[in-house]
Amino acid sequence: MNVKIINHPVIEHKLTRLRMKNTQTTEFRNIVTEISSLMAYEITRDFELEDIEIETPITKMTAKRIAGKKTAIVPILRAGLGMVEGILRIMPLAKIGHVGLYRDEETLEPVTYFSKLPDEMDERVTLLVDPMLATGGSAVAAIDILKKAGSKSIKLVCLVGCPEGVREVNKHHPDVEVFLASLDEKLNEKGYITPGLGDAGDRIFGTM
């Protein structure tokens, strides 16, 4: 499978708190933000650098900066919104788009209800974010939307995924990098990740 697991000890520790059923909404929301920030460091590891001449309080020097990368953060509504703030802490100049999808509870197929993206998507590295990668249907549909808008460099960033979801994304979009904090065991008969952490959207927004 084409997937990168970011299994840093601090991320694993925080993910344990997310999984616990007695973790309350405020703490859950804060931890999602924290893990998203931590993951952003690894997600941007391949960004190219360029030299720039600067002056410190002591002397002049040649330093490094990211080489003109344009970025976009695109959450899959609504749960993906919970990851935006954490990534913005690391990438404050990123533009933000939105893709609205929901999963039909009977067919498990994604239904699109909203799409609003920044301009110049063909020039941006796009981080498509959603806490859960379950069946993969919503991710595939969202990537389809991004590519139709011109996106050429897409990274799918999720907190928890399962083999079924990763394979679905790999099958339809083998060029898209997939980043997870954890690859869980499987989907259950209802299409939920096991052991997972429940419905991320409900837990982020307190709508259980």
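**Note on the cores, helix 2 and selected residues**

1. The largest nonpolar core has 34 residues, and among these L18, I35, M39, L159 and L197 touch the most other members. The model is a predicted one, and the points below should be read with that in mind.

2. Several elements give two or more residues to this core, namely helix 1 (9-19), helix 2, helix 3 (81-90), strand 8 (124-129), strand 10 (153-161), strand 11 and helix 6 (200-205). The largest share, seven residues, is supplied by helix 2.

3. Helix 2 covers residues 25-43, which makes 19 residues, and from its first C-alpha to its last it reaches 26 Å, a span close to the 27 Å expected at 1.5 Å a residue. The buried residues in helix 2 are T25, F28, I31, V32, T33, I35, S36, S37, M39, A40, E42 and I43. I35 and M39, listed here as buried, also appear among the residues that touch the most other members of the largest core.

4. Which residues does L197 contact, once its neighbours within four places in sequence are left aside? They are L15, L18, R19, F28, M132, V160 and R203. One of these contacts, F28, is a buried residue of helix 2, and another, L18, is itself among the core residues that touch the most other members.

5. There is also a second, separate core, which has 23 residues and includes I76, L101, A141 and L180.

6. Is T71, in strand 4 (residues 70-77), buried or exposed? T71 counts as buried because its relative accessibility is 8%, while the cut-off for buried is under 20%. Apart from neighbours within four places in sequence, T71 is in contact with F47, M91, A94, K95, R124 and V125.

7. S151 belongs to the loop between helix 4 (137-148) and strand 10. This loop residue nevertheless counts as buried, because its relative accessibility is 6%. When residues up to four places away in sequence are not counted, S151 touches M121, D122, T126 and L146.

8. At the surface, M1, I5 and L183 make a nonpolar patch of about 240 Å². L183 lies in strand 11, which runs over residues 177-183, and strand 11 is also one of the elements that give two or more residues to the largest core. L183 itself is described as partly exposed because its relative accessible area is 31%, a value to be read against the limits of under 20% for buried and over 50% for exposed.

Terms used. Residues numbered from 1 in each chain as written. Predicted model: local features only at pLDDT ≥ 70, side-chain atom pairs only at ≥ 80, totals over all residues. Heavy atoms only, no water. Helix = DSSP H or I, 4+ residues; strand = E, 2+ residues; numbered from the N terminus. Expected span 1.5 Å × (residues − 1). Buried < 20%, exposed > 50% of the residue type's maximum accessible area, 1.4 Å probe, protein only. Patch = residues over 30% accessible without salt bridge, like charges linked within 9 Å, V, L, I, M, F, W, Y side chains within 5 Å. Areas by Shrake-Rupley, 256 points an atom, 1.4 Å probe, with all protein chains shown as cover. Salt bridge = Lys/Arg side-chain N within 4 Å of Asp/Glu carboxyl O. Core = buried A, V, L, I, M, F, W, Y, C linked by side-chain atoms within 4.5 Å. Contact = heavy atoms within 4.5 Å.
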